[in-house]
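Please open the model in your viewer, with the sequence panel beside it, and follow the selections below in order.

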Amino acid sequence: KWMPDAPIFSTILFSTGLTVGIVTATFGRDFSFLDQSQFSIVTVTVILSAIIPTVIAREFIPKASSSR
């Protein structure tokens with residue numbers, strides 16, 4: 001088993017990815033690498049990159065049996 005059962009673990013993983021992605025996009029906008037529309041697209045993409053895999057995983061990965 002490679003992943004702990006604690007929901008905190010997955011929450012930290014997702015929040016770290018979201019934080020790094022949004023902070024990077026903000027720096028890109030602040031230093032004129034991205035204009036406002038590019039920043040908006042990158043920000044939405046970063047958020048969806050966390051949400052879509054979660055939805056897919058919940059749909060297709062079987063739940064662990066409660067009998068241990």
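Select Val-44, Ile-47, Leu-48, Ile-51, Ile-52, Val-55, Ile-56 and Phe-60, and show their surface: in this predicted model, these residues make a nonpolar surface patch of about 740 Å². Among them, Val-55 is a useful one to pick out, for it has its place in helix α2, and with a relative accessible area of 51% it counts as exposed, because the cut-off for that class is over 50%.

Now extend the selection to the whole of helix α2, residues 36-60. At 1.5 Å a residue, its 25 residues should span 36 Å, and the distance between its end C-alpha atoms is 36 Å, which agrees with that expectation. Centre the view on Leu-48, where α2 bends by about 25 degrees; Leu-48 is also one of the residues of the nonpolar patch. Then colour Phe-39, Thr-43, Val-46 and Ala-50, which are the buried residues of α2.

Next, select Arg-29 and Asp-30 and show their side chains, which meet in a salt bridge with an N to O distance of 3.4 Å. The structure holds one salt bridge. Arg-29 has a relative accessibility of 29% and therefore counts as partly exposed, since that value lies between the cut-offs of 20% and 50%.

Finally, zoom out to the whole protein, which has two helices and zero strands. Of its 68 residues, 10% count as buried, while the accessible surface comes to about 5,700 Å², with 71% of that area belonging to carbon and sulfur atoms.

Key
Residues numbered from 1 in each chain as written. Predicted model: local features only at pLDDT ≥ 70, side-chain atom pairs only at ≥ 80, totals over all residues. Heavy atoms only, no water. Helix = DSSP H or I, 4+ residues; strand = E, 2+ residues; numbered from the N terminus. Expected span 1.5 Å × (residues − 1). Bend = angle between axes of the 7 residues up to and from the residue. Buried < 20%, exposed > 50% of the residue type's maximum accessible area, 1.4 Å probe, protein only. Salt bridge = Lys/Arg side-chain N within 4 Å of Asp/Glu carboxyl O. Areas by Shrake-Rupley, 256 points an atom, 1.4 Å probe, with all protein chains shown as cover. Patch = residues over 30% accessible without salt bridge, like charges linked within 9 Å, V, L, I, M, F, W, Y side chains within 5 Å.
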